[in-house]
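Thanks, everyone. Please have the sequence and the model open while I talk. I'll go through helix packing and then the empty spaces.

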Amino acid sequence: MRPSVSKAKPQTATGGGLRRISTIPSLSPTSDERVAEILSEPGFGHHFTDHMFRVEWTPHDGWHNARIEPYGPLSLDPATAVLHYAQEIFEGMKAYRHPDGSIWSFRPEANALRMQRSSRRLAFPELPVDDFVQAVDELVRIDQRWVPAGEDENSLYIRPFMFGSGVFLGVRPSPHVTFMVIASPAGSYFKGGIKPITVWLTTEYTRAAHGGMGAAKAGGNYASSLVAQQEAYAHGCDQVVFLDAQELKYVEELGGMNLYFVHADGRLVTPATGTILEGITRASIIELAEKMGLVVEERKFSVDEWRAGVLSGAITEVFACGTAAAITPVGRLVSAAGDVPEPPRTSGEVTMAIRKQLVDMQFGRAEDAFGWLHRII
Ligand SMILES: *Cc1c(COP(=O)(O)O)cnc(C)c1O
């Protein structure tokens with residue numbers, strides 16, 4: 001089981017090839033005792049590993065000065081582009097430790113390709129796929145102590161990101177770009193067992209208009225989702241559901257997760273509108289579900305269809321998916337126009353069967369029939 005990064009594109013002109021990554025090891029690495037303490041209760045996004053990866057880009061030099069260095073604050077000029085015009089994109093992925101101690105990532109080239117698509121939308125240079133994968137691998141390798149044992153679905157969350165680091169108050173693509181990778185141990189999303197989330201339907205805010213940047217993984221999309229998320233909390237909900245910006249009729253996705261509707265007749269419907277962020281989890285579920293004999297439909301899906309489907313019994317389960325939680329069941333939809341009740345078999349057999357297939361593969365407990373895993377160590 002030694003998969004390859006077969007879809008990697010050859011180096012482009014802007015890619016100097018990060019083959020030579022210099023390393024400045026941390027002089028004060030976290031003690032083994034402290035790492036063990038953190039890994040016993042990692043939470044999410046609070047603790048960071050001892051190192052970070054950084055590479056810079058300029059039109060003249062392309063990508064250059066790739067290095068692993070001690071994790072620490074950045075010093076930014078107050079006129080740095082990203083602080084003013086939000087030219088920023090990111091990725092989210094995980095490293096999983098298998099029972100034999102080996103460490104793997106899941107479809108990293110898909111994250112690299114998505115970051116290239118995001119780059120094109122936000123007028124960034126593209127980082128070659130091989131360089132992206134190499135940067136992540138090297139960081140995980142040097143900080144491998146921080147990858148938790150795979151029990152309880154603990155893993156190392158990896159956050160690659162790119163920002164306009166030029167210093168200039170002019171509105172144009174930044175002439176200096178920084179790409180970095182940081183990592184943070186992550187505990188299970190579901191402490192105390194998997195239970196369905198309740199979701200709030202916002203009709204006041206949208207996350208992505210046609211021609212906008214909803215299909216890019218850009219920090220700005222999250223900035224615009226925050227008030228809607230606050231509204232969700234105010235209504236006692238865990239997450240917010242966004243509708244299409246044009247007709248406010250079709251379901252798009254949650255703030256950071258894609259949606260699936262399981263039908264009694266074995267069909268699985270997932271919204272496709274051109275403005276959603278297409279998750280790698282979403283894409284993987286399409287292939288997994290088809291292999292399990294389910295029929296997957298990617299199409300427009302209205303709130304009316306959600307409501308009617310649950311009320312008639314045609315929809316039996318609803319779930320959300322993304323790297324952080326893998327798959328989480330969705331219960332009640334709360335909306336100003338009236339709630340849609342929890343579907344009859346929430347946390348039901350289809351959701352949990354797909355979840356198990358995916359998670360077992362990621363943690364090395366099931367065969368990787370698709371060649372999706374990439375060995376780091
Ligand atoms: C990252 C993200 C997802 C999930 O993508 P995965 O690759 O499955 O983690 C879904 N929606 C939005 C808006 C996202 O930013």
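H6 and H8 first. This is a predicted model, so please keep that in mind for everything that follows. The two helices pack at an angle of about 110 degrees. The range from 65 to 115 degrees counts as roughly perpendicular, and H6 and H8 are therefore roughly perpendicular to each other. Their axes lie 10 Å apart. H6 passes H8 in a right-handed crossing.

Who makes the contact? On the H6 side, Thr281, Ser284, Ile285, Leu288 and Ala289. On the H8 side, Ile354, Gln357, Leu358 and Met361. By class, the residues of this contact divide into 6 nonpolar and 3 polar, with no charged residue.

Now the other helix pair, H3 and H4. H3 covers residues 108–121, and H4 covers residues 129–142. Their axes come within 9 Å. The crossing angle is roughly 125 degrees. That falls outside the perpendicular range, which ends at 115, and short of the antiparallel one, which starts over 145. H3 and H4 are therefore oblique to each other. This crossing is right-handed.

From H3, the contact takes in Pro108, Glu109, Asn111, Ala112, Leu113, Met115 and Gln116. From H4, it takes in Val129, Phe132 and Val133. The split here is 7 nonpolar, 2 polar and 1 charged.

On to the empty spaces. How many cavities of 30 Å³ or more does the structure hold? There are 2. The largest cavity has a volume of about 110 Å³. It is lined by 13 residues, and the closest to its centre are Tyr96, Phe106, Thr281, Thr323 and Gln362. You have met Thr281 already, in the contact of H6 with H8.

Which elements give two or more residues to that lining? Strand E5, at 93–97, then H6, and helix H8, at 349–362. E5 supplies the largest share, 3 residues. By class, the lining of this cavity has 6 nonpolar, 6 polar and 1 charged residues.

Last, the largest pocket. About 1100 Å³ of space lies in it. Its lining runs to 45 residues. Closest to the centre are Tyr189, Gln239, Gly256, Met257 and Ala324.

Several elements give two or more residues to this lining. Three are helices: H3, H5 at 219–234, and H6 at 280–291. Three are strands: E7 at 155–164, E10 at 239–243, and E15 at 315–322. The largest share, 5 residues, comes from H5.

And the chemistry of the pocket lining? It has 18 nonpolar, 18 polar and 9 charged residues.

One element to take away is H6. It packs against H8, it lines the largest cavity, and it lines the largest pocket. H3 also has two roles here: it contacts H4 and contributes to the pocket lining.

That's my run-through. Over to you.

Conventions:
Residues are numbered from 1 along each chain as its sequence is written. This is a predicted model: local features need pLDDT of at least 70, side-chain atom pairs count only at pLDDT 80 or more; totals for chains, interfaces and linings use all residues. Side-chain values use heavy atoms; hydrogens and water are left out. Axes are lines fitted to C-alpha atoms, for helices over the stretch in contact, and angles run from 0 to 180 degrees between N-to-C directions. Helices (H or I, at least four residues) and strands (E, at least two) are DSSP runs, numbered from the N terminus. Angles under 35 degrees count as roughly parallel, over 145 as roughly antiparallel, 65 to 115 as roughly perpendicular and the rest as oblique. A crossing is left-handed if the near helix is turned anticlockwise from the far one by less than a right angle, and right-handed if clockwise. Contact means heavy atoms within 4.5 Å. Ala, Val, Leu, Ile, Met, Phe, Trp, Tyr, Cys and Pro count as nonpolar, Asp, Glu, Lys and Arg as charged, and the others, Gly among them, as polar. On a 1 Å grid over the protein atoms alone, a cavity is a set of points where a 1.4 Å probe fits but cannot get out, and a pocket is an open set with protein on both sides within 12 Å along at least five of seven lines; lining residues have an atom within 4 Å of a point. Grid points are joined across faces, edges and corners, and a volume is the space filled by probe spheres set on the points.
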